[in-house]
Amino acid sequence: MAETTYSLLRFQEPGDSKARTGLLVDDRVLPLDGDINSLIEHWDTTEAELDSLAASAGADTGLARAAVEILAPVEPTQILQTGANYRKHVIDLAVAHREPGEDAEEVRAATAAMMDKRAGQGTPYFFIGLPTAIASATDDLTLPSYSTSHDWELELAAVIGKTAFRVTPEEALEHVFGYTMVNDITTREYVFRKDMPAIGSDWYRAKNAPGFLPTGPLLVPAKFFGDPQDVQVTLKLNGQAMQDESTQDMIFGVAKLVSEASQIMPLRPGDLVLTGSPAGNGQHWGRLLQDGDVMEGTITGLGTQLIHCKDETTTESSKQ
């Protein structure tokens, strides 16, 4: 008999402010005891129980998905973000930022060769995000009034299942509980400090405003997700596809990312390791986020995000 597939989520019932963990089977939400991180941490003892619960679920079991509010499915203590990890994305950026007089095709070829070398000999580029930036897959995104250069970056994220510290790439996926989807919103003009150029990137200001990390809706256990290096990442802006790339284009795969991240800091159950964004962000298209925009994000097997963008000034006016 085939195993019943399911995913995990966090939700609230109408009129109740308490966040709960749930098992999603088809369109039914089965409430669970305990928080999501405890469930992840004790997966070795809870997996069989949840497998059995999912197998016994019927059309009237639990709650209808449409009747509850779906929250972000994870509560990480640590978030590691990955920069410049899609080959085509990096090449496009290099071409876009080439010096005056440089030939586009020559820059493209040189960058491609550099990426090939980096994949074989280099290491990933990490920086740290804040859990306070996390929002649900349907929360409105308030675009801060201090900039008009806010951009999208849809990404696959690995959710750590058991503590990983200095693990090898061969061991790394054993420490991954499952996968979720994030949109790593970025304020482009804040990425590089003009007043302190020698310091480099300022990811704190560029990426950590409230709601800048829409996450979910689902957390899919690794055993149901399949190969993380063979899923499609697609973001549509107002119905038009802007990002549409396979994770096969990653320079460093999930196993390498988790392994390298664990060399410096222990990764704990529930932590997120973002894997970078493919080509097609707003900077590439010359079209950044605006009031009224709607972003629809999908990654194979991870559900759909639907984010409505609102200017901060518009949001404040509506409160008055």
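Q: Welcome to this predicted model! In the open sheet of 6 strands with mixed pairing, what is the order of the strands?
A: Mixed is the word for the pairing in this open sheet. Its 6 strands can be read off one after another, starting at β7 and finishing at β15. The full order is β7-β6-β18-β11-β12-β15.

Q: Which are the edge strands of that sheet?
A: An edge strand here pairs on one side only. In the order of this sheet, β7 and β15 stand at the two ends. The edge strands are therefore, by that one-sided pairing, β7 (125-129) and β15 (220-221).

Q: Within this sheet, do β6 and β18 run parallel or antiparallel?
A: Strand β6 covers residues 79-83, and strand β18 covers residues 272-274. They are joined by 2 bridges, and in one pairing L80 has V273 as its bridge partner. The two strands run parallel.

Q: What is the order of the strands in the open sheet of 5 strands?
A: Let us turn to the second sheet. Its pairing is antiparallel, and its edge strands, each pairing on one side only, are β4 (63-64) and β5. Reading across from β4, the order is β4-β3-β2-β1-β5.

Q: Which residue in β4 is the bridge partner of R28?
A: Strand β3 spans residues 28-32 and is joined to β4 by 2 bridges. These two strands run antiparallel. The partner of R28 in β4 is A64.

Q: Which residue in the loop between β2 and β3 has a positive phi near 55°?
A: Strand β2 covers 20-25, and a loop follows between β2 and β3. In that loop sits a residue other than glycine with a positive phi. The residue is D26.

Q: How many bridges join β19 to β20?
A: Strand β19 takes in residues 294-299, and it runs antiparallel to β20. One facing pair is T298, which stands opposite T304 in β20. Between the strands of this hairpin are 4 residues, and G301 takes a positive phi near 85°. The number of bridges joining β19 to β20 is 5.

Q: Which residue in β20 is the bridge partner of L143?
A: Strand β20 (residues 304-311) is also joined to strand β9 (residues 141-143). Here 3 bridges link the two strands, which run parallel. The partner of L143 is D311.

Q: How far apart do the C-alpha centres of domain 1 and domain 2 lie?
A: The protein is divided into domain 1, residues 7-71, and domain 2, residues 79-318. Their contact takes 15 residues from domain 1 and 13 residues from domain 2. The C-alpha centres lie apart by 27 Å.

Q: Which three residues supply 42% of the area that domain 1 buries against domain 2?
A: The two domains bury about 1100 Å² between them, with 65% of it on carbon and sulfur atoms. On the domain 1 side, one trio supplies more of the area than any other three residues. They are S7, L8 and I40.

Q: Which element gives the most residues to the side of domain 1 that touches domain 2?
A: The elements giving two or more residues to this side are β1 (7-12), α1 (36-41), α2 (43-56) and β5 (69-71). By class, this side has 9 nonpolar, 2 polar and 4 charged residues. With 5 residues, the element that gives the most is α1.

Q: How many salt bridges are counted between domain 1 and domain 2?
A: The side chains of E47 and K223 meet in a salt bridge at 2.8 Å, N to O. Those of D51 and K223 meet in another salt bridge, at 2.9 Å, N to O. The pair of D51 in helix α2 and K223 in helix α7 (residues 222-225) links distant parts of the chain, 172 residues apart. The count between the domains is 2.

Q: How many salt bridges does the structure hold?
A: Salt bridges in this structure include the one between E47 and K223. The total for the structure is 17.

Q: Is the peptide bond from G216 to P217 cis or trans?
A: P217 is found in the loop between β14 (213-214) and β15. For the bond that leads from G216 to P217, omega is near 15°. The bond is cis.

Notes:
Residues are numbered from 1 along each chain as its sequence is written. This is a predicted model: local features need pLDDT of at least 70, side-chain atom pairs count only at pLDDT 80 or more; totals for chains, interfaces and linings use all residues. Side-chain values use heavy atoms; hydrogens and water are left out. Domain bounds come from an automatic or database domain assignment. Contact means heavy atoms within 4.5 Å. Buried area is the accessible area (1.4 Å probe) that two parts lose on being put together, summed over both. A salt bridge is a side-chain nitrogen of Lys or Arg within 4 Å of a carboxyl oxygen of Asp or Glu. Ala, Val, Leu, Ile, Met, Phe, Trp, Tyr, Cys and Pro count as nonpolar, Asp, Glu, Lys and Arg as charged, and the others, Gly among them, as polar.
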